[in-house]
Amino acid sequence: MPEWLQAGGWGLLAGSALLVGAAVGFLLPVPRHVVASIMGFGAGVLLSAVAFDLISDANEKGGLTPTVLGASAGAVVYTGCNIILARRGARHRKRSGDQQPSEQEQGGSGAALALGALLDGIPESIVIGTSLLGGGAVGAVTVAAVFISNVPEGLSSAAGMRNAGRSARYVFGLWTAIAVVSGLAAVAGYTLLGGAPAAALAAVTAVAAGAILAMVADTMIPEAFENAHLLIGLVTVAGFLVAFGLSSSGG
């Protein structure tokens, strides 16, 4: 199988977890503290992946300067885009309660939610694609971390969309599209960055890491803390250690 197709398959697999989570969040009455606890676990998984997989890999490939500059750029770009989308109704796109506005309350919020979902998912998928460059195996820890964290993201977002009156067609259409785009983003990461020097790949990995870290702090941790604040530290550390264990075992 061509490696670009493998990249797309891994990206699609990781993105499909959003659809799995959305199905649970939209169709089942999952208690908010359970959603929040799962979100905290996913946040811990991503924090570990950023620290021990992405940032570490970027530093090994390109050194400290491209890593710091890339991570800073990723955080700045993500935050800037997130501010724009927040003003258009996507501020609480990962919240499971009634924080999300309906289309009647804020026109255009549906489109903003869709763009926000893209903003959250594309950096992760690009990293999955670049991990195959040079004939290497896809980063199993990265794929596992993205998959595990995508389940609570989809679950919480879909629950909030249901509470805002969004239709099943909108919710499942959105997450299906995001899963497909995740696969395409992984293909793009593989094809567009093939032959790039190590420093450039390090910078791209660091950009994605910075964006993911900003996303975790801005959209995942608030949902987790508000509804499970007495346990959030424990479940976040549990997620962190699970991902660290996978990384340490050479997964």
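This note goes through one helix, two nonpolar cores and one helix pair in a predicted model.

1. Residues are numbered from 1 along each chain as its sequence is written, and side-chain values use heavy atoms, leaving out hydrogens and water. Because the model is predicted, local features need pLDDT of at least 70 and side-chain atom pairs count only at pLDDT 80 or more, whereas totals for chains, interfaces and linings use all residues.

2. Helix α1 (helices being DSSP runs of H or I, at least four residues, numbered from the N terminus) covers residues 3-27, and its 25 residues should span 36 Å at 1.5 Å a residue (1.5 Å times one less than the number of residues), which agrees with the 36 Å between its end C-alpha atoms. Its buried residues (under 20% relative accessible area, 1.4 Å probe, protein chains only) include Gly 8, Gly 11, Gly 15 and Leu 18, and the cover over the buried residues of α1 includes α4, α5 and α6.

3. The largest nonpolar core (buried Ala, Val, Leu, Ile, Met, Phe, Trp, Tyr and Cys residues joined through side-chain atoms within 4.5 Å) has 22 residues, with Leu 46, Tyr 78 and Met 215 among those with the most contacts inside it. The elements giving two or more residues to this core are α2, α3, α4 and α7, and α7 provides the largest share, 9 residues. Apart from this core lies another, of 10 residues, among them Leu 18 and Phe 26.

4. Helices α4 and α5 pack at about 160°, their axes 10 Å apart (lines fitted to C-alpha atoms over the stretch in contact, with angles from 0 to 180 degrees between N-to-C directions). That makes α4 roughly antiparallel to α5, the term for angles over 145 degrees.

How values were computed: Buried < 20%, exposed > 50% of the residue type's maximum accessible area, 1.4 Å probe, protein only. Contact = heavy atoms within 4.5 Å. Parallel < 35°, antiparallel > 145°, perpendicular 65-115°, else oblique.
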